[in-house]
Structure formats: C-alpha cells, structure tokens
Amino acid sequence: MQEIIFQGEHLLPGNLGHLAIVLAFASSLFSTISFFIASRQKSDPLWSKAAVTSFYIHALSVLTIVASLFYIIHSHYYEYQYAWQHSSSDLPWYYMISCFWEGQEGSFLLWIFWHAVLGLILLFKAKDWKNPVMGVISLCQIALTSMLIGVKILGYKLGSSPFDLVRVVNESGPLFNQPDYLTRIKDGNGLNPLLQNYWMVIHPPTLFFGFACTIVPFAYAIAALIQKRYNEWVKPALPWALIGVMVLGTGIIMGGFWAYESLSFGGYWAWDPVENASLIPWLILIGAVHVMLIHKSTGSSLHFAYLMVILTFVLVLYATFLTRSGILGNSSVHSFTDLGMSGQLLVFLFMFIILSVILMAKEWKKIPSLAAEENIYSRDFWMFIGALVLIISSFQVLLTTSIPVINKIAGSNMAPPTDPVAHYNKWQLPFAIIIALLTGMGQLLKFKKSDPKKFWKDNAIAAGIALALSGILFLGFELNNWLYFILLFASVYTIVVNTQKAWPFINGKLKVAGASVAHIGFGLMLIGVLVSSANKNVISRNETNVAFFDGNDAKTMKENYENIYLEKGKPVKMQNYRVTYLGDSSHWVNNYYKVKYEELDPSGKVVNEFMLHPNGQSNPKMGFIANPDTRHYLSRDIFTYVSSVPSKERRAEEEFINEKYHSIKIGDTIQTNNGTVLLEGIESDLDTTKISATNVNVKVKALLKIITLDKTYQAKPVYAIENNGIVSIEEIVEEAGLRFRFMKINPESGTIEIQTAERTPHKQFIIMKAIVFPYINFLWGGTIVMIIGFLLSIKRRISELRRSNIA
C-alpha cells in the first residue's frame, strides 16, 4: 500500500514538542530516584548533583513544550488537534494565550510549568531540605507529565498529547485521509465565547500557581517524615503555605470577577462544583496555616499540622479528578470533557494518598506531642477550634459537590440541590459567623495563656462598639433578617478588634500587622457578600403579560418577569430609571448594544445619566452568549446584560405585504412606502450560469434603482421564457425591505410589468435584564485588603526564616 504524503503540514514543532514531553517524563523519573537516594546518602554528593542536573533538563523540556504549543497556536497550524479544537485565526493574540489552557492538555501543562518554576526556586532556597523536598515535587511531575504522553501501552492510552495531529485523532473521517486535507480546513473551532475575557487570560495561571504552591508545604511534611525531622519542617514550609493561601485565594477571587463581568447569571459565585473544587483546598490550607502557627508558637498540634497540610494537597488532586474525569459533566458547565484518563487520574490521587497514609502510620507515634493543658483563654485554643470549623465547613461543600462520585460508587441516584445557592448559603452562613467571631476574639488573646479579666474587658469594649455600628449599618443597609444581623455583627466585630490590634504597628512595623490586616479584609468581604446578596434588586420588571422565553417551569417564568422589552428609540421606565435602547454596533464577533440610562428623582426629573454597552455574540454551538456591562458607583453597581435579540432567521421569515403591479417604461418611477424606484433600463445579456432554468429562449432583466432616505440600491429582477413557459426570478433588497418581480413584457405599449412588495417594518429591539448590587465594593475592597494582609504575613515569615538560617 502506497504511503500517503500529506501536503502543507508543519511537523517540526509537533515533533519537538513530543520529544520534549518524553524527555520531561524521563528526566522527572530520574530526578525522583536520584533525589531520594541523595536524601539517604548525605555523604555522597554525586546523586544530588545528578538529580539537580536532571531537574534542570526537566525544566528546560517543560519550557520547550510550552513554547512549541504556543507557537503552533499562534501560527494557526490546524493540522494539530489542539490548535484546531481550541483556537481560530480571528482571535486577538491575548486570547490565543487563553487558548493555551482551555483544553485539558494545556491546563495540565500550565500546572507542570508552575511546578518546574517552584522546583527551580527550591533548588536554591531549600538548603538542607533540597533532596527530599525536590524528590516529592519530581514524583508529582512524573504523574503530571504522564498526562501528556499520549501513547498506548497494552491497549490503554496513557495521557493525551497536545501535539496529536488532527488526521490521526480523526483517522476514521474520509476528509482527513486525503493528501490535501489541510486545504479544506479553513479555520479552527475557536475559543469558547465564555472565555473571551481578559480575566481568563490571568485567572487560570494564577489559580494553577495556587494549586502548584500547595505541593511545597506537602513536600516539606513528607520530607520530614522520611528524614525523621518531625519538628523542623514547619518553619520553612510556613511562608510557602501563606503564599499558597494568597495566590490560590487571589485566583478564586479572579474567577469571581470573571463570573461577574462575563456571565449572565447575575453574581460572582454560583456554588458551581468546579468553583467548589478550588474553594475546598483553599479553606483547608487556611486552617493548616493557623495550625502551623500554633505549633510554631506553642510546640503543640504538630500531628494536626501534618494532617492539614497533607489533606490540602490530596484535596487539590481530588479536585483535579472531579473536574477532569467527566464525572461532573451533568452538574457543572465548567468541567472538562473526559479524555479517557479517569483511571490515570485515580492512580495519581491514590499514589499520594497511599504514600501519605503509610508514612503517617509508620511515624505517627514518633511525632512529638506536647502534653499541655488546654487553656480556653489562649489564642492557640481558639485558632485550633477555628481550624476545626473550617474542616467542617469544607466537608459540607465537599459532600454535596461529590454527589456524582457517590452515585457512581454506590450506584445511587441522589440529585444535586435544585437551588445550589440557597442550599450552600443555608449551611455556610453559620460557619461564616463562627469564623468571623473567632478571627476577632482570637486577636484579643495571647498564645498559651492570657489574663481573663483583660480579655473580657477588651472584648466588652470591642463588642459594644461593634454592636452600635452593626445596628446603624443594619438600618442603613435596610436588612430585615436576624441571621443577617448576627453575621453583620460578627463581621464588624472582627474589623473593630483587628483594626485596634493593627493600629500600633502602622508606624514602622506594618509587616507585623499582616494577620490583622487580612482579618479586616475578611470582615469587609463578608459585609459585601451579605449586603450585595441580601439586597440584590432586579430593577427590570416585566409588567406586561408577554412571555419572552418559552416554558412553564419556575425558572423560565422568573426570567420572563425579570426581563424587559426595549424597542429602539422608545424610552421605558424601570423603577427610578428611564432606559432607552439607542442601537448597536459590531466589533470583531461581538455586537454592542447601546443603552442610555437616565436616573430620575421622585418628581421625574433627570438627575444623572450614563451609557452602558452590554454585548453578545451568536454562537452556532451555544446560541446567544451575553456579556454584561456594569456602571460602578461607590455605593452600588448597576449590572446590565442583553438576554435575547431578534435572530437573522426570524428576520428572513418575515412576510412581504402590500403587493402591487406597475406598468412602466424606461425612466418611469414607482413610489413605495420604503423608497422611490426608477427603471433605468432593460438588459438582455444575461449570465445563464446564475439562472437555474434551462433551454431558455428569452432572458431579460430590469435595471432598477431604489432611492431611500439615506442610501441608493440596485435590483435586477429577471423575466424569462422557457419552452413556452414563463419564469420570473425575483430579487429582494433586504436593506430597503423591498421585493421585485419582473412579471410581463408588453411590446404593443413598450412597457414592462413589475410587481413590488414591502416587508413588514423591522423593529430593532433587545430583551434586557438589569440588577442593582448595593455596596458590593465592600467585597472587592475587602479582597484587596485581605491580599495585602497575606503579603505582609509572607514578608514577615520569610524574614524570620532568613534570621533563623543565619543563626
């Protein structure tokens, strides 16, 4: 059989990428073995040098994979399945970056890249922890790079390569077996419209860097168990745990920003299973940081610190399984499709679970345990309680998120909550209250032991101030639920206490106030979440009986009530606003809809006006994709998006009316409601290839000029005689809303008969929804303050680590 030579393929970058994947896998395998041998043979530096060299090769290979894949995407080499599936030629360069991690292979590569970066840093910073810590990281790199190999072993496919050719993946398709198949691939499938947002350029790398950071404290904990250095790992691991908390938290918050600015569900957190999968390890890592601080200050809770750090990393791996195995396919719009790697993902997960369980079981009794009496008037006691609350809170989210997994294992048919937001909020509200109270109360206490009288005195003052402020805010925010008041009080309480504690350190010792600043940010976040959610106000109310969307279910009926019809140029009153749809414009693939807002006082006078430009695109796979636009004020956001627009198909189906017949000569005009029509001439030299009729004896077309108020158009309806039968080929001028038919030739009078018809006047309109989020800036401001607090804490712990290393 003759070998097919495929034309136009660019195989070099793909071959280079394939080679780099194999080299990355092999070098990580050799690094793992070498680092672990080196950690046991401290006197022989040969294995350590070999391991370091191998990891450098691994990092270089990873960088080569990244460069090769981006080059393929940027060059529009659609012979590669990944580029064809996730990109298109019309994408701006910055969205090509998003294409890189839209698919499973690219996001795995992003994770591998961050591990390689962290490994390179640790080669210089881990000092005498280098060999065992790097051994754990290299072991994880073996598992991750195996996800990209894409080879079959004994009938099982190991991983999925981003450098697979489209003709190999689709080898059964007749199109891809042709030598010139690339000439038929004009463009790629394009980037998911929901990801065409600047937040998705920076959110995924930040989130995956946060995931990657969790391996460092885990690696220190495992290294301590292997080398029996049970107490020593907490100090070097603590700054990395704080970095993980900050970066992963920032990534989660960026996801909320993206949802708020790009999605049309009207909010920033929907308790989607994929969102939850990143939240759970973050909460556990926060608990782990606090337990590590307890041990650092008191020498206690070391067992618990091990468990929390290990659990954090295991939950990251479990989140990977949830989002990539396809098991969430019916319960989350964000999960990846199954690439047949479910078994491999489970091996990845259980490899580290088994490693951790064996080491913990073996060394459990040898881990030092400080037999100290628990004192309720100590900061460490309440920090420990707070960590337990975070575990319970995470377990509730984990249990509900894992319903598809439970169904799979148990063969059950449990249904996820029909209203996930209400379900999770009901459970998480009490946890939020407890955590907020503890982050305030704990700051009033010292480690090990505090003066009870001083604590109650300081607590009474702080609680009194918080109670007074909460009462004022409760009335000002117009809240009406006693649970809301308790959460508001807890949030204000932690802000008051932590402000008091942070204040003395502002001058000169700001980094010491990191914890207090982070707690203040947390309190502000809770206030923003509470008020913006409890008082979220849909101001677009459909007061008519017209249904815009088909369906009788509660969700559809709610959407019909919360959307309004805006016809171009016609103002509509919307509570204390008057809104007018002014028209639309196009940019790239998006249509932007110009909506004028006029804010009215009680007398109806306009006191403020502004423009919003919500946009959307009609996607052949996903229908109309809406992107909101928001007007930001200090005390509120006005969130607006277009739910529906008239489709082109609907426009084409509209009927013509007002049919009339006109006998005219050259130079005569016809008056229609849509414009004036002039017969400029008659032409008989026709291009028969454009006419479906055959054996035509006579072919004539009328040359018509249509003059409207703003433009001039041409039309050429055709009159033909075929085998003694008459054929009239109409022409429609869409822009003018006119249809012409050449009906007859009258030789005696020297006239022709033209039929005109007018399309029903086309109404430009949009279906729009508008929501007011009051005081949402408390949330956004709180996130920034919290991140600043993390940065201050990281700086402090790194400084302490440097001082201890010098000493």
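**Figure 1. Lys-454 and Asp-458 sit 4 residues apart in helix α17 (residues 452-476), which is about one turn of the helix.** This is a predicted model, like every view that follows. The two side chains form a salt bridge here, with 2.8 Å between the closest N and O atoms. Why can neighbours like this meet? An α-helix has 3.6 residues a turn, so residues three or four places apart point the same way. The two partners differ in how much cover they get: Lys-454 is partly exposed, at 47% relative accessibility, while Asp-458 is buried, with a relative accessible area of 13%.

**Figure 2. Glu-9 and Arg-167 meet in a salt bridge.** Here the N to O distance is 2.5 Å. Glu-9 belongs to the segment before α1 (11-40) and Arg-167 to helix α7 (residues 166-169), so this pair ties together parts that are 158 residues apart in sequence. Are these two residues buried or exposed? Both Glu-9 and Arg-167 are buried. If you went through the whole model with the same rule, you'd end up with 22 salt bridges.

**Figure 3. Lys-296 and Glu-800 join up through a salt bridge of 3.2 Å, N to O.** Lys-296 comes from helix α11 (residues 273-298) and Glu-800 from helix α22 (residues 777-806), so the contact ties together parts that are 504 residues apart in sequence. Take a look at the cover on each partner. Lys-296 counts as partly exposed, with 35% relative accessibility, whereas Glu-800 is buried at a relative accessible area of 16%. The pair also has company: Lys-296, Arg-796, Arg-797 and Glu-800 are linked in a network of salt bridges.

**Figure 4. Lys-296 and Glu-800 turn up again, this time in the lining of the largest cavity.** How many cavities of 30 Å³ or more does a search of the whole structure find? The search finds 1. The largest cavity has a volume of about 30 Å³. Its lining is made of Lys-235, Leu-238, Pro-239, Lys-296, Arg-797, Glu-800 and Leu-801. Two helices, α10 (234-262) and α22, each supply at least two of the lining residues.

**Figure 5. Leu-346, Phe-350, Ile-354 and Ile-358 make up a nonpolar patch on the surface.** Together these four side chains belong to residues with about 370 Å² of accessible area. Pick out Ile-354, which is found in helix α13 (residues 342-363). Ile-354 is partly exposed, with a relative accessible area of 47%.

**Figure 6. Helix α19 (residues 514-534) has the length you'd expect.** With 21 residues at 1.5 Å a residue, α19 should span 30 Å, and its end C-alpha atoms are indeed 30 Å apart. How many of the residues of α19 are buried? The count is 16 of the 21, so the helix is largely enclosed by the rest of the structure.

**Figure 7. Val-718 lies in strand β18 (residues 718-722).** Val-718 is buried, with a relative accessible area of 10%. For a sense of scale, compare its place with that of Ile-520. The C-alpha atoms of Val-718 and Ile-520 are 77 Å apart in space, and the two residues are 198 residues apart in sequence.

Technical notes:
Residues are numbered from 1 along each chain as its sequence is written. This is a predicted model: local features need pLDDT of at least 70, side-chain atom pairs count only at pLDDT 80 or more; totals for chains, interfaces and linings use all residues. Side-chain values use heavy atoms; hydrogens and water are left out. Buried means under 20% relative accessible area, exposed over 50%, partly exposed in between (1.4 Å probe, protein chains only). The expected span of a helix is 1.5 Å times one less than its number of residues. Patches are made of residues with over 30% relative accessible area and no salt bridge: like charges are joined within 9 Å, nonpolar side chains (Val, Leu, Ile, Met, Phe, Trp, Tyr) within 5 Å. Accessible areas come from the Shrake-Rupley method with a 1.4 Å probe; for residues, only the protein chains shown count as cover. On a 1 Å grid over the protein atoms alone, a cavity is a set of points where a 1.4 Å probe fits but cannot get out, and a pocket is an open set with protein on both sides within 12 Å along at least five of seven lines; lining residues have an atom within 4 Å of a point. Grid points are joined across faces, edges and corners, and a volume is the space filled by probe spheres set on the points.
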